[in-house]
Amino acid sequence: MAAAAVLTRGARGLCRSQGLRSVLRCSTTTALRPGPRVVIEAPRSANAYTHRAEAHTTRAHTSGAGAEPAAPAFQPRDPDWQSKVADSFAKQTFMAHLGAELTHCSPGEVHITTAASPALRQQHGFFHAGVTTSIADSAAGYAAFSLFESGAEVLSTEFKINLLNPALGDRLIARGRVLKPGKTLTVTQADVFGVDDSTGKETHVATMLATMMQLRQ
């Protein structure tokens, strides 16, 4: 989220033409290079977002620490929240450079995944911390963006990241979620996990706490 989100009509139209069925897949190109791959789960019915979930429900995200509490369900302010997130992510050529994919999008929560590549390693063979930080920032930013009003854009204003373990695995997944939405500033968190595809084991490698700004035109 180092740059403001910009929506593209082409990707939005593609999203709508798909009908947002069981899985929505969108891709677009920019003048510079192909955008990153977008794979978004279909939204639930509108009624699913008209109330907050119970405070003590749990989500089936697991790591070495076990199941973590689910974030509350939020009501999007923009009826086109899903397509605008897909459009904006598809514009991020840096995410394409990292091989990152948008793999989950729900109101207040976004997941971004990138596969292991020699180009993304540091000197010890781990994912570079720049990769970890970048996908965490984008996941947190788009989680906030999904709740913003129509026509607004998003920028990061600050973040703090703790690197908890060496970032090893076949892929990294950053799970961003909104902690506290606001009219101008939204507080978010992103947790990054290294995934071993042969065993399905996830290792918690980083946690980010970030603040995102809603820019109104």
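# Reading a predicted fold: a short tutorial

Val192 has its place in strand β7.

User: Before we look at Val192, what kind of model is this, and how are residues numbered?

Analyst: This is a predicted model, in which local features need pLDDT of at least 70 and side-chain atom pairs count only at pLDDT 80 or more, while totals for chains, interfaces and linings use all residues. Residues are numbered from 1 along each chain as its sequence is written, and side-chain values use heavy atoms, with hydrogens and water left out.

User: How many helices and strands are there in the protein chain?

Analyst: Helices (H or I, at least four residues) and strands (E, at least two) are DSSP runs, numbered from the N terminus. Here the protein chain has four helices and eight strands. Their order from the N terminus on is α-β-β-α-α-β-β-α-β-β-β-β.

User: Back to Val192, then: is it buried or exposed?

Analyst: Buried means under 20% relative accessible area, exposed means over 50%, and partly exposed lies in between (1.4 Å probe, protein chains only). Val192 has a relative accessible area of 0%, so it is buried. Its C-alpha atom is 8.9 Å from that of Ala167, although 25 residues separate the two along the chain. Over the whole protein chain of 217 residues, 46% are buried.

User: Which residues of the largest nonpolar core touch the most other members?

Analyst: The general idea first: in soluble globular proteins, nonpolar side chains tend to be buried together. A nonpolar core is a set of buried Ala, Val, Leu, Ile, Met, Phe, Trp, Tyr and Cys residues joined through side-chain atoms within 4.5 Å. The largest one here has 37 residues, and those touching the most other members are Phe89, Val110, Ile112, Ile135, Leu172 and Val192. Elements giving two or more residues to this core are α2, β3 (100-106), β4 (109-115), α4 (129-145), β6, β7 (185-195) and β8 (202-215). With nine residues, α4 gives the most.

User: Why is helix α2 described as largely enclosed by the rest of the structure?

Analyst: Helix α2 covers residues 81-90, and 10 of its 10 residues are buried, so the rest of the structure largely encloses it. Among them are Trp81, Lys84 and Phe89.

User: How do I read aromatic pairs, and how many are there in the whole structure?

Analyst: A pair of aromatic rings is described by the distance of the centres and the angle of the planes. Rings of Phe, Tyr and Trp (its six-membered ring) pair if their centres lie within 6.5 Å; planes under 30 degrees apart count as stacked, over 60 as edge-to-face and the rest as tilted. A search of the whole structure gives three such pairs. In one of them, the ring centres of Phe145 and Phe148 are 6.2 Å apart and the planes stand at 90°, so this pair is edge-to-face. Phe145 is buried at 0% relative accessibility, and Phe148 is buried at 0% too. Ring pairs join Phe89, Tyr142, Phe145 and Phe148 into a cluster.

User: Which charged residue lies over the face of Phe145?

Analyst: A charge sits over a ring if NZ of Lys or CZ of Arg is within 6 Å of the ring centre and within 35 degrees of the ring normal. Lys84 lies over the face of Phe145, 4.7 Å from the ring centre. In another case, the charged end of Arg121 is over the ring of Phe127, at 4.8 Å from its centre.

User: What about salt bridges: how many does the structure hold?

Analyst: Side chains of opposite charge can pair when their charged atoms come close. A salt bridge is a side-chain nitrogen of Lys or Arg within 4 Å of a carboxyl oxygen of Asp or Glu. The structure holds four. One of them joins Lys84 to Asp78, with the closest N and O atoms 3.6 Å apart. Lys84 is buried, at 1% relative accessible area, and Asp78 is buried at 6%.

User: Which parts of the chain does the pair of Arg171 and Asp197 tie together?

Analyst: In this salt bridge, the closest N and O atoms of Arg171 and Asp197 are 2.8 Å apart. Arg171 is in strand β6 and Asp197 is in the loop between β7 and β8, so the pair ties together parts 26 residues apart in sequence. Arg171 is partly exposed at 29%, and Asp197 is partly exposed at 46%.
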